Amino acid sequence: MFLMLCSLLVLLMTPSLAMFYAGMVKSKNTLNTIMNCFIGFGAISLQWIVVGYSLSFGTDSWFGIVGSLEHLFVANTTSVNENGIPNILFVIFQMMFALIATAIITGSLVGRIKLGVLVVFLLLWSTFVYDVLAHMIWSENGFLLARGGLDFAGGGVVHISSGVAGLVGVLIVGARKENIPYTQGAHSVPYAFLGAILLFIGWLGFNSGSAGKVDSIAVNAFVVSIISAASGYFMWVLLEWVIHRRPTILGSLSGLVAGLVSITPCCGFVSVGSSVLIGALGACICYFGLSFIKDKLKLDDSLDAFSLHGIGGIWGGIATGLFANGAVNPAVVAQGALGEGLFISGEFELLIEQLYAIGICIALSAVVSYVIFKAIAFFTDLRVDEEVEKHGLDSRLHGENAYNS
């Protein structure tokens, strides 16, 4: 029942993210933004059932990097796991993570990418990046897990990888012709607020469900996720208040997301006190990272997928190496583990391994994303025609309008 509930909560995240993203764009691109974000529910769900789950959690087939095809079309999933959970339910729970990972990428490319190009990219990216990282980090024989790296709920697998893919997409596809600040382009801030709050609620299943059962670790993940989100939210408000004298709703929601991303890889390993610092520092790092990307580098990461998920995920992975605590999760100090974080034990071993794993996540997603985009570009233009972009993708590509007078 617990894992069924968490699966529903994580499923809620994808349409919620679609709402959050859609509220932050101009009304002429509302429906296209929703479609881009939710198209993965159809495409990636099928990919996951056919081959994704097997590549991610099948018996190791090549040096801890990728799984075998023993679970092709979810074959051999009729038994239960060590927690008494039916394996087919675990398949569906993990599928929800694959969905939200691909949905995050779309936020970098709204308003100019072709839907067909996006679908092909997401299918290939999920197969050659997401599934490989999931195996290396979460499979029992995974390469990075065997080295002692920790990623409780997807800081590297989901957030770093998707954020980096979004940034690569920005560099290759290019900026929107009409590039305006998201604070001015948002057509419905209340709509974005509702999407973000539903995303927050779903995230609690994302993090606590990663424990696999109801125990003290799941409860800790649930609690620290809320506290980190609150800390990140409030810190972003304070930063805007001090720097710009105008705290904004959209900015505060970015702080909420930054706090959640930052705590995701370490929520099963850190204490409540640590989560306050992790959320607050995560908001600060993402705030200034976003400003640097937008204002200094002039990159059109439309809805800040890299600024929040990429940078926040990197910080969360580092925070795991700083704050992981054996008192919270005995696995941190179990036989064969690398031990507690630097600020708990005074030892650097876990932090160094976390930095290594972060580098692997960045490199794999960046290289493969670049290759996929370039390969697709041999066959078709990546972006819509300039006239379509000017008049809006909703009416020209979908024959619909979000709002009819």
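Ile-88 sits in helix 3 of this predicted model. Its relative accessible area is 39%, so Ile-88 counts as partly exposed, falling between the 20% and 50% cut-offs. Look back along the chain and you'll find what Ile-88 touches: leaving out residues up to four places away in sequence, its contacts are Val-74 and Thr-77. Thr-77 is eleven residues from Ile-88 in sequence, yet the two C-alpha atoms are just 5.6 Å apart.

Step back a little further and you reach Phe-73, in the loop between helix 2 (30-57) and helix 3 (87-106). Phe-73 has a phi near 55°, which is a positive value in a residue that isn't glycine. With a relative accessible area of 56%, Phe-73 is over the 50% cut-off and so counts as exposed.

Now for the whole molecule. How many helices and strands does the protein have? There are 16 helices and zero strands. As for overall dimensions, the C-alpha atoms fill a box of roughly 60 × 50 × 35 Å along the principal axes. A compact globule of 405 residues would have a radius of gyration near 22 Å, and the protein comes in at 20 Å, which agrees. Buried residues account for 59% of the 405. Take the contacts between residues at least 6 apart in sequence, and 75% of them join residues at least 24 apart. On the outside, the protein exposes about 16,000 Å², with carbon and sulfur atoms supplying 68% of that area.

Next, go to the start of the chain. The unreviewed UniProt entry lists residues 1-18 as "signal peptide". In the model, that stretch is 94% helix and 0% strand, and its end C-alpha atoms are 27 Å apart.

Further along is helix 6, residues 155-173. At 1.5 Å a residue, its 19 residues should span 27 Å, and the end C-alpha atoms are 25 Å apart, which agrees. Is helix 6 largely enclosed or largely open? Of its 19 residues, 17 are buried, so helix 6 is largely enclosed by the rest of the structure. Just after the helix comes Gly-174, with a positive phi of about 95°.

Ala-192 takes us into helix 8 (residues 189-208). Its relative accessible area is 0%, so Ala-192 is buried, under the 20% cut-off. What does Ala-192 contact, leaving aside its neighbours within four places in sequence? The list is Met-19, Phe-20, Gly-23, Met-24, Leu-250 and Leu-253. Val-173 makes a useful reference point here: Val-173 and Ala-192 are 19 residues apart along the chain, and their C-alpha atoms are separated by 25 Å.

Follow the chain on to helix 9 (residues 216-244), and you'll find Ile-243 there. Ile-243 has a relative accessible area of 41%, so it is partly exposed. Not counting residues up to four places away in sequence, Ile-243 touches Tyr-287 and Phe-288. If you want a sense of distance, try Ser-54: it is 189 residues from Ile-243 in sequence, and the C-alpha atoms are 49 Å apart.

Arg-245 is in the loop between helix 9 and helix 10. Arg-245 isn't a glycine, but its phi is positive, at about 65°. At 62% relative accessibility, Arg-245 counts as exposed.

A cap comes next: Thr-248 caps the N-terminal end of helix 10, with a side-chain oxygen 2.9 Å from the backbone nitrogen of Gly-251. Helix 10 itself covers residues 249-263. Its 15 residues should span 21 Å at 1.5 Å each, and the end C-alpha atoms are 22 Å apart, which agrees. Of those 15 residues, 14 are buried, so helix 10 is largely enclosed by the rest of the structure.

The last stop is Asn-325, in the loop between helix 12 (305-323) and helix 13 (342-345). Is Asn-325 buried or exposed? Its relative accessibility is 14%, so Asn-325 counts as buried, with the cut-off being under 20%. Leaving aside neighbours within four places in sequence, Asn-325 is in contact with Phe-269, Val-332, Glu-340 and Ile-344.

Key: Residues are numbered from 1 along each chain as its sequence is written. This is a predicted model: local features need pLDDT of at least 70, side-chain atom pairs count only at pLDDT 80 or more; totals for chains, interfaces and linings use all residues. Side-chain values use heavy atoms; hydrogens and water are left out. Helices (H or I, at least four residues) and strands (E, at least two) are DSSP runs, numbered from the N terminus. The expected span of a helix is 1.5 Å times one less than its number of residues. Buried means under 20% relative accessible area, exposed over 50%, partly exposed in between (1.4 Å probe, protein chains only). UniProt positions are given in the numbering used here, feature names are shortened, and annotations may be inferred rather than shown by experiment. The radius of gyration is taken over C-alpha atoms; the globule rule is 2.2 Å times the number of residues to the power 0.38. Contact means heavy atoms within 4.5 Å. Accessible areas come from the Shrake-Rupley method with a 1.4 Å probe; for residues, only the protein chains shown count as cover. A polar contact is a pair of N or O atoms within 3.5 Å; within protein, one must be able to donate a hydrogen and the other to accept it, and residues adjacent in sequence count only if both atoms are side-chain atoms.
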